[in-house]
Amino acid sequence: MLLVMKKLLYSLVFAVILGVSVMCGRAYAGGDGKLSAGQHMVGAGFGLKITILPQGSLIYDYVVMSDLFKHKNASWTIGGYFGMRGLTSYHFNVRTALRFQLTRSFEMYVNLQSGLGLFLMKQTVYPTENLSSAYGGSYYGGGTLKPVEPETKTVVTPYFDIDYAIGMRYSFTPHWGMYCEMSPGFSLPYFCLPYLSLGVAYRI
């Protein structure tokens, strides 16, 4: 029940931001706002998944093709994604997106990404190579018992990342803007994106 309410809340926030952005879609003057082939975009943001610890992200997109379809308001980008939640979860993904420029300042897009996920976990282990020395003598014989010193090791577990998101980007100037992305929000580890991500974007 809590998970459903959380998704509904995120959906409401996304809808409000979307509505405000559409109404303010012509906020800056000059140009039609469309992406052109060869342009670069970078972004940085954060979002929430199944824990209270936010997931930070760095995003890069390169415009491969522009002026697509009948109205020539669509573009195709490819790029990369790096995500990090605390010091335990890392995501290294390739992403691609189909973008639609709806107004001079506002676009919506569908993003698909996949790559490598890493989960780091510390484990306490007790050395078992030499039981006789650990107990101060022969395993069956006498001797003074000595405590076995535990060892802490970091175990790295790789796994396959995949996810998609519906996003929007609102431009304040021809270069600076903000973006919002909403993913399905599955709690399984290989779905790498947060439920809702917010960030700033810069068009080069």
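The legends below describe close-up views of a predicted model.

**View 1. A nonpolar patch on the surface of the predicted model.** The side chains of V42, Y60, Y62, M65, W76, I78 and I204 make a nonpolar surface patch of about 580 Å². At least two residues of this patch come from strand 2 (55-68), and at least two come from strand 3 (74-85). Strand 2 gives the most to the patch, with three residues.

**View 2. Y62 within the nonpolar patch.** Y62, one of the residues that make the patch, is found in strand 2. Its relative accessibility is 31%, so Y62 counts as partly exposed, because that class lies between the limits of 20% for buried and 50% for exposed residues.

**View 3. The salt bridge between D67 and K34.** Side chains of opposite charge can pair when their charged atoms come close. A search of the whole structure finds six salt bridges, and in one of them the side chains of D67 and K34 meet with an N to O distance of 3.3 Å. Because D67 lies in strand 2, whereas K34 lies in the loop between helix 1 (2-23) and strand 1 (40-48), the pair ties together parts that are 33 residues apart in sequence. Both partners are partly exposed, D67 at 39% relative accessibility and K34 with a relative accessible area of 26%.

**View 4. The salt bridge between R95 and E181.** R95 forms a salt bridge with E181, and the closest N and O atoms of this pair are 3.4 Å apart. Since R95 belongs to strand 4 (residues 89-101) and E181 to strand 7 (residues 176-182), the contact ties together parts that are 86 residues apart in sequence. R95 is buried, with a relative accessible area of 3%, and E181 is likewise buried, with a relative accessible area of 4%; for both residues the value is under the 20% limit, which means that they count as buried.

**View 5. The salt bridge between R99 and E107, and the network around it.** The side chains of R99 and E107 meet in a salt bridge, with 2.6 Å from N to O. R99 is buried, with a relative accessible area of 2%, and E107 is buried as well, with a relative accessible area of 1%. Through salt bridges that share partners, R99 and E107 are joined with D61, R95, R169 and E181 into one network, and this network therefore includes the R95 and E181 pair of the preceding view.

Methods:
Residues are numbered from 1 along each chain as its sequence is written. This is a predicted model: local features need pLDDT of at least 70, side-chain atom pairs count only at pLDDT 80 or more; totals for chains, interfaces and linings use all residues. Side-chain values use heavy atoms; hydrogens and water are left out. Patches are made of residues with over 30% relative accessible area and no salt bridge: like charges are joined within 9 Å, nonpolar side chains (Val, Leu, Ile, Met, Phe, Trp, Tyr) within 5 Å. Accessible areas come from the Shrake-Rupley method with a 1.4 Å probe; for residues, only the protein chains shown count as cover. A salt bridge is a side-chain nitrogen of Lys or Arg within 4 Å of a carboxyl oxygen of Asp or Glu. Helices (H or I, at least four residues) and strands (E, at least two) are DSSP runs, numbered from the N terminus. Buried means under 20% relative accessible area, exposed over 50%, partly exposed in between (1.4 Å probe, protein chains only).
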